Amino acid sequence: MRAERGSMTVEVAFLLVLLVVPLFYLVGTVGRIQAGAYAVTAAAREAGRAFVTAEDAAEASARAQVAAGLVYRAHGFEPRAGTVQLSCGQSGCLTPGGSVRADSQVSVELPLVPDFMRDRLPTTVTLTASHLETVDEFRAGTP
């Protein structure tokens, strides 16, 4: 009886570490991926909106890229971590009633993956989103 004294405390401490550390890692990883999902959908939406509200086609693409970069930064990603591709509908860019498609993509690094595992395991999750924005039928400006 005396030899087992204090062993329960050691066992509980060992089990807590064994269970809690992976749980914290899982919560952190899922949270980071969820932030990426929010960022990629918001970037596509805001890039599309910035594009169709531009005065002319020359500044529309730059406005869309800046809007997407702001969204990525607001969600904790570097602006160059994500990309946005814009394509215009058959009627052309900024034509009243036309449409613009914004496809965004962001790569989310999985946290705490050691460098020696980078060649053996996937260490990033790539998330994509698309948004179709319609140009206002009554807009004025240069198409």
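Leu18 is partly exposed, at 48% relative accessibility. The model is a predicted one. Leu18 sits in helix H1, which covers residues 7–52. On the surface, Leu18 joins Phe14, Leu15 and Leu19 in a nonpolar patch. Together these four residues have about 440 Å² of accessible area.

The next helix to visit is H2, residues 57–74, and Ala57 belongs to it. Ala57 has a relative accessible area of 35%, so it counts as partly exposed. Ala57 also leads to a cysteine. Its C-alpha lies 6.8 Å from that of Cys93, although 36 residues separate the two in sequence.

Cys93 brings us to the disulfide. The structure holds one. A disulfide is a covalent bond between the sulfur atoms of two cysteines. Here the partners are Cys88 and Cys93, with an S to S distance of 1.6 Å. The link between Cys88 and Cys93 is right-handed, with 85° about the S-S bond. How accessible are its two ends? Cys88 has a relative accessible area of 30% and is partly exposed. Cys93, at 27% relative accessibility, is partly exposed too.

Now the rings. Aromatic pairs number zero. A charge does sit over a ring, however: Arg32 lies over the face of Phe77, 4.1 Å from the ring centre.

Charged side chains also meet one another. The count of salt bridges comes to five. One of them links Arg45 and Glu46, whose closest N and O atoms are 3.5 Å apart. Arg45 is partly exposed, with 31% relative accessible area. Glu46 is partly exposed as well, at 26%.

A salt bridge also joins Asp103 and Arg101, at 3.0 Å from N to O. Asp103 shows 25% relative accessibility, so it counts as partly exposed. Arg101 is partly exposed at 40%.

Asp115 and Arg118 make another salt bridge, with the closest N and O atoms 3.1 Å apart. Is Asp115 buried or exposed? Asp115 counts as exposed, because its relative accessibility is 62% and the cut-off for exposed is over 50%. Its partner Arg118 is partly exposed, with a relative accessible area of 35%. Shared partners also matter among the salt bridges: they join Arg45, Glu46 and Arg49 into one network.

Note on methods. Residues numbered from 1 in each chain as written. Predicted model: local features only at pLDDT ≥ 70, side-chain atom pairs only at ≥ 80, totals over all residues. Heavy atoms only, no water. Phe/Tyr/Trp six-rings, centres within 6.5 Å; stacked < 30°, edge-to-face > 60°. Lys NZ or Arg CZ within 6 Å of the ring centre and 35° of its normal. Disulfide = S-S within 2.5 Å. Buried < 20%, exposed > 50% of the residue type's maximum accessible area, 1.4 Å probe, protein only. Patch = residues over 30% accessible without salt bridge, like charges linked within 9 Å, V, L, I, M, F, W, Y side chains within 5 Å. Areas by Shrake-Rupley, 256 points an atom, 1.4 Å probe, with all protein chains shown as cover. Helix = DSSP H or I, 4+ residues; strand = E, 2+ residues; numbered from the N terminus.
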